[in-house]
Amino acid sequence: VHWKKVEAHEKDPKDPAGLYGTKNLKDELAAEPWDFVTIQQASIKSHDPETYGPFARQLRDLIAKQAPKAEILIHETWAYRSDDPRFNRKSPVAGEPATRREMYEQLAKAYDATAKELGLRVIPVGDAFDLADRDEKWGYKKDEKFDFAAATKPALPDQTHSLHVGWNWNKDGKLAMDGHHANLAGQYLGACVWLEVLFDQNPVGNAYVPKGLDADYAKFLQETAHKAVVMRRAKKEAATPR
């Protein structure tokens, strides 16, 4: 998407398709002395390594030129919730992940390969989501008892420890599923990962807990974020030639 905007602007500087509001990407990057600039793949395509190139490299090179003082990082997105409709298709699409775990494994591999190719650090939010989802005590478990056919607003299935928005009543008064986007817990988990990667601050023990988030669960999310970052560092060190 971002590279298409670059191309659109180069073709016609007045084309709205090449702008972010009133500025193009080059101007946005040159607007401030950025410390960090991050790139990522759209989550729906994150499992497919073929969709990363050549755009990731082109963006990396453009950012390096327009914001030379900034560190460029790759933000690893996360897998969708285990009960997302993507994993419940009657006719699976070839190459598409069939489960949450499979989606994570594929996207993690694609992000790792891209980061290695471009020489960039990874913000391992996807790793943290996977660790949290797989935890026996704190991981999300689908509510098998909820009767969707008989449900009336505002009733919802039990979604304790979900990292995603999940089931909700939309503006049309219909029960809808959003297994893609992070909810408060998922956002907090991701923020803890960003905190440690960008500022080298261990989130464990941080006093800030968003209103509405259980303190014990927040502690688990802090510990999970730290674990993901430590694992990522160890993985990088193991792969570095000595």
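Colleague: How much space lies in the second largest pocket?

Modeller: About 490 Å³ of space lies in the second largest pocket. Keep in mind that this is a predicted model.

Colleague: Which residues that line this pocket are closest to its centre?

Modeller: The second largest pocket is lined by 16 residues, and A115, L120, R232, K235 and K236 are the closest to its centre.

Colleague: Which elements give two or more residues to that lining?

Modeller: Helix α4, strand β3, helix α6 (184–199) and helix α7 (215–239) do so. The largest share comes from α7, with six residues.

Colleague: How does the lining of the second largest pocket divide by class?

Modeller: Eight residues of this lining are charged, six are nonpolar and two are polar.

Colleague: Now the largest pocket. How much space lies in it, and which residues lie nearest its centre?

Modeller: The space in the largest pocket comes to about 670 Å³. Its lining has 23 residues, and those nearest the centre are V1, H2, Q40, Q41 and L59.

Colleague: Which elements each supply at least two residues of the lining of the largest pocket?

Modeller: The list is α1 (2–11), α2 (25–30), β1, α3 (55–66) and α4 (100–118). Helix α3 gives the largest share, four residues.

Colleague: And what are the classes of the residues in the lining of the largest pocket?

Modeller: This lining holds 15 nonpolar residues, six polar ones and two charged ones. For the second largest pocket, the corresponding counts are six nonpolar, two polar and eight charged.

Colleague: On to the strands. What is the order of the open sheet, and what is the pairing?

Modeller: The general idea is that strands of a sheet pair through backbone hydrogen bonds, either parallel or antiparallel. Here an open sheet of three strands runs in the order β1-β2-β3, and the pairing is parallel. Strands β1 (36–39) and β3 (121–123) are at the edges with a single partner strand each, so one side of each has no neighbour in the sheet. From one strand to the next, the twist averages 40°.

Colleague: How many bridges are there between β2 and β3, and which residue stands opposite L73?

Modeller: Strand β2, residues 71–75, pairs with β3 in the parallel sense over three bridges. Opposite L73 stands R121 in β3.

Colleague: Do β4 and β5 run parallel or antiparallel?

Modeller: Strands β4 and β5 (residues 175–182) run antiparallel and are joined by five bridges. One of the bridge partners to look up is L175 in β5, which pairs with W169. The two strands β4 and β5 form a hairpin with five residues between them, and G173 in the turn has a positive phi of about 75°.

Colleague: Which residues other than glycine have a positive phi, and where are they found?

Modeller: As a rule, most residues other than glycine have a negative phi, and most peptide bonds are trans. One residue to inspect is H161, with phi near 65°. H161 is in the loop between α5 and β4. Another is D200, with a positive phi of about 55°, and D200 lies in the loop between α6 and α7.

Colleague: Where are cis peptide bonds found?

Modeller: The bond from G53 to P54 is cis, with omega near 0°, and P54 sits in the loop between β1 and α3. The bond from K153 to P154 is also cis, with omega near 10°. P154 belongs to the loop between α5 and β4 (164–169), where H161 is found as well.

Colleague: Last, the helices. How do the axes of α5 and α7 cross?

Modeller: Two packed helices are described by the angle between their axes and the distance between the axes. For helix α5 (residues 125–134) and α7, the axes come within 9 Å and cross at roughly 125°. That crossing angle makes α5 oblique to α7. The crossing of α5 and α7 is right-handed.

Colleague: And at what angle do the axes of α5 and α6 cross?

Modeller: The axes of α5 and α6 cross at roughly 130° and come within 9 Å. Helix α5 is therefore oblique to α6. In handedness, α5 passes α6 in a right-handed crossing.

Definitions and conventions
Residues numbered from 1 in each chain as written. Predicted model: local features only at pLDDT ≥ 70, side-chain atom pairs only at ≥ 80, totals over all residues. Heavy atoms only, no water. Pairing = 2+ DSSP bridges. Axes fitted to C-alpha atoms, helices over the stretch in contact; angles between N-to-C directions. 1 Å grid on protein atoms, 1.4 Å probe; cavity = no way out; pocket = protein on both sides within 12 Å on 5 of 7 lines; lining within 4 Å. Points joined across faces, edges and corners; volume = space filled by probe spheres on them. Nonpolar A, V, L, I, M, F, W, Y, C, P; charged D, E, K, R; others polar. Parallel < 35°, antiparallel > 145°, perpendicular 65-115°, else oblique. Left-handed = near helix turned anticlockwise from the far one by under 90°.
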